[in-house]
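Thanks for making time this morning. I would like to walk you through one model, and I will take the backbone first, then a helix pair, then the ligand.

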Amino acid sequence: MNTDLTINHEWNNSVNVQKLDKLTEDLNRDHSSLKTLELLDVMINEIFKNKITLVSSFGTEAALLLALTAEVNPSTPVIFLDTLKHFPETLEYRDKMIERLKLTDVRSIKPEPSAAKSSEAEKMWETNPDGCCYIRKVLPLEESLLGFEAWINGRKRLHGGLRSDLDILEHDGRRIKVNAIANWTPYMIDVEWKKRDLPEHPLIPFGYTSVGCQPCTVKPNPGEGPRSGRWEKFSKQECGIHNDKKPGGYDAGL
Ligand code: SF4
């Protein structure tokens, strides 16, 4: 099932960061060495039951974490940020994966129309990608995470850059983040992907290794990292949804 939602932003800023620090420390101590399926099972079906969501880009690497999550509980809410700038192939892939994995609660979150559809906003990615990501990703995600105490994501240390030393459990200043496959190697991914015969993103055969919004994604240059085709004209590495530990608001780099 794919539910399209449009976001009006308003959320509760109250949070106790010290408690989150302690909880994160405890979770890492007790659960970070579990196998990934065990970790997901404990997080989804026990500790954060009905209070956890998976945030997925339905990009080139997304299928594996989606599959693992579905194996643990296919009714886990999945948030997809529909920025209105995606490749059509990504939307088709999202729908294909929903059907394949029998996911029952995929929420496609669109930005607020008044913010995203002005002529200035339409082209903001050219001059102010941080502002564009803020409107199309950061604000909609913040709203869609209301009511959740934890979220799962697919960042990996092998991506390098700011992701090189990811912990399995961390927090973003408001809720726990489960970096469930942060420590996976390309070999592990390949083995588990093939074992499940997962379909690849339709842009992979055309040379794309990481796929985000269409205006901000090109094929990587030979010898450069898999994410080198993202925002290639800017120093930007992340869209802003993973700028962490900012109580009172995400730092979107504005
Ligand atoms: S990735 Fe590009 S188009 Fe998408 S929200 Fe960010 S700046 Fe805008």
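**Backbone, helix pair and ligand shell**

Just after helix α9, Asp-197 takes a positive phi of about 50 degrees, where helices (H or I, at least four residues) and strands (E, at least two) are DSSP runs numbered from the N terminus. Before going further, I should say that this is a predicted model, in which local features need pLDDT of at least 70 and side-chain atom pairs count only at pLDDT 80 or more, while totals for chains, interfaces and linings use all residues. Residues are numbered from 1 along each chain as its sequence is written.

Most residues other than glycine have a negative phi, and Asp-197, with its positive value, is not a glycine. Asp-197 is exposed, with 8 other C-beta atoms within 10 Å; a residue counts as exposed if 12 or fewer other C-beta atoms, placed from the backbone, lie within 10 Å of its own, as buried if there are 20 or more, and as partly exposed in between. Helix α9 itself, residues 186–196, is hardly covered, since the count of buried residues among its 11 residues is zero. Asn-50 also has a positive phi, of about 65 degrees, without being a glycine; Asn-50 sits in the loop between α2 and β2 (52–55), and is exposed, with 12 other C-beta atoms within 10 Å.

Now to the helix pair. The axes of α2 (residues 36–47) and α3 (residues 62–72) come within 9 Å and cross at roughly 60 degrees, with axes being lines fitted to C-alpha atoms over the stretch in contact and angles running from 0 to 180 degrees between N-to-C directions. The two helices are therefore oblique to each other, given that angles under 35 degrees count as roughly parallel, over 145 as roughly antiparallel, 65 to 115 as roughly perpendicular and the rest as oblique. Thr-36, Leu-37, Leu-40, Asp-41, Ile-44 and Asn-45 in α2 meet Leu-68, Thr-69, Glu-71 and Val-72 in α3, contact being C-beta atoms, placed from the backbone, within 7 Å.

Which residues are closest to the ligand? They are Pro-129, Cys-132, Cys-133, Cys-213 and Cys-216, out of 13 residues that surround the ligand, nearness being a C-beta atom, placed from the backbone, within 6 Å. Helix α8 (residues 129–144) gives the most to this shell, with five residues.

For the chain as a whole, there are nine helices and seven strands, and buried residues make up 38% of the 254 residues.

Definitions and conventions:
Two residues are in contact if their C-beta atoms, placed from the backbone, lie within 7 Å.
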